[in-house]
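Please open the model in your viewer and keep the selection panel handy. We will go from stop to stop, picking a residue and looking at what is there.

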Amino acid sequence: MNVSDTLAAAARTWPDHCAIIYREQKTSYREVREQACRWAHALVQAGARPGDRIAVLIPNKPEFVLAYHAIAMLPAIFIPIDLLLKGEEMAEILADLEPALVLVDDEAEELFRQALEALARDIPHRTLSELQAASRQQAGDFPVPDPDQDSAAVILYTSGTVGGSKGYTLVSS
């Protein structure tokens, strides 16, 4: 069972109930599910594949939730990156992580650019504006395969108590 199956069940059971409240905006379970499916299609169009590591530079807002569910649908590995890091610190994490794709909030583009400069190489990435534009051209459900129970679902980076940041993996089961 994939975490996105829980979202699908909620969308079937309570389609019009509120799933997300952000400022004055309310989004139903049905809307979250539909948007996550469109985002999953757009991620595949951007080159994302099952098992890929996808880093996410998105603050605490609805798009963070959409990215989480869309990545889980692939199923790929969701890796949130702290936006309070400096460019060099982020570069260290990206070097360790070697993501297949990075989703970047439009307001975090400068920070991501600094990380790329410190890393001295490019990484495939999409801004949220680009992903949202691509997702508008997508329609329909996204077929969610069952992940391997021992496959990675999320990698969380900590600041580390000794040395640099360390990634900890959460599995699908």
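Select Ala11 first and show the atoms around it: once its neighbours within four places in sequence are set aside, Ala11 is in contact with Tyr29, Arg30 and Arg33. Bear in mind as you look that this is a predicted model. Ala11 belongs to helix α1, which covers residues 3–13. Is Ala11 buried or exposed? Its relative accessible area is 13%, and because buried means under 20%, Ala11 counts as buried.

Keep Ala11 selected and add Ser28. These two residues are 17 apart along the chain, and their C-alpha atoms are separated by 8.0 Å.

Now step along to Arg12, which also lies in helix α1. Here the accessibility is another story: Arg12 has 65% relative accessibility and counts as exposed, whereas Ala11 is buried. For a second distance, draw a line from the C-alpha of Arg12 to that of Tyr29; the two are 8.4 Å apart in space and 17 residues apart in sequence. You have met Tyr29 already, as one of the residues in contact with Ala11.

Next, go to the loop that runs between α3 (62–73) and β4 (77–80), and select Pro75 there. What is the peptide bond from Leu74 to Pro75 like? The bond is cis, with omega near -15°.

Moving on past β4, pick Asp82, which sits in the loop between β4 and α4. Asp82 is partly exposed, with a relative accessibility of 42%. Add Glu88, Glu89 and Glu92 to the selection and switch on a surface: together with Asp82 they form a patch of negative charge. Colouring by charge is a handy way to view this stop.

From there, follow the chain to the loop between α4 (87–97) and β5 (101–104), where you will find Glu98. Check its backbone: Glu98 is not a glycine, yet its phi is positive, at about 50°. The residue is exposed, with a relative accessible area of 58%.

The last stop is Ala120, in the loop between α5 (109–119) and β6 (125–127). Which sign does phi have at Ala120? It is positive, about 65°, although Ala120 is not a glycine. Why does Ala120 count as exposed? Its relative accessibility is 67%, and exposed means over 50%.

To finish, you might select Glu98 and Ala120 together: each is a non-glycine residue with positive phi, and each is exposed.

Definitions and conventions. Residues are numbered from 1 along each chain as its sequence is written. This is a predicted model: local features need pLDDT of at least 70, side-chain atom pairs count only at pLDDT 80 or more; totals for chains, interfaces and linings use all residues. Side-chain values use heavy atoms; hydrogens and water are left out. Helices (H or I, at least four residues) and strands (E, at least two) are DSSP runs, numbered from the N terminus. Buried means under 20% relative accessible area, exposed over 50%, partly exposed in between (1.4 Å probe, protein chains only). Patches are made of residues with over 30% relative accessible area and no salt bridge: like charges are joined within 9 Å, nonpolar side chains (Val, Leu, Ile, Met, Phe, Trp, Tyr) within 5 Å. Accessible areas come from the Shrake-Rupley method with a 1.4 Å probe; for residues, only the protein chains shown count as cover. A salt bridge is a side-chain nitrogen of Lys or Arg within 4 Å of a carboxyl oxygen of Asp or Glu. Lys and Arg count as positive and Asp and Glu as negative; His and the chain ends are not counted. The place of a charge is taken as NZ of Lys, CZ of Arg, CG of Asp or CD of Glu. Contact means heavy atoms within 4.5 Å.
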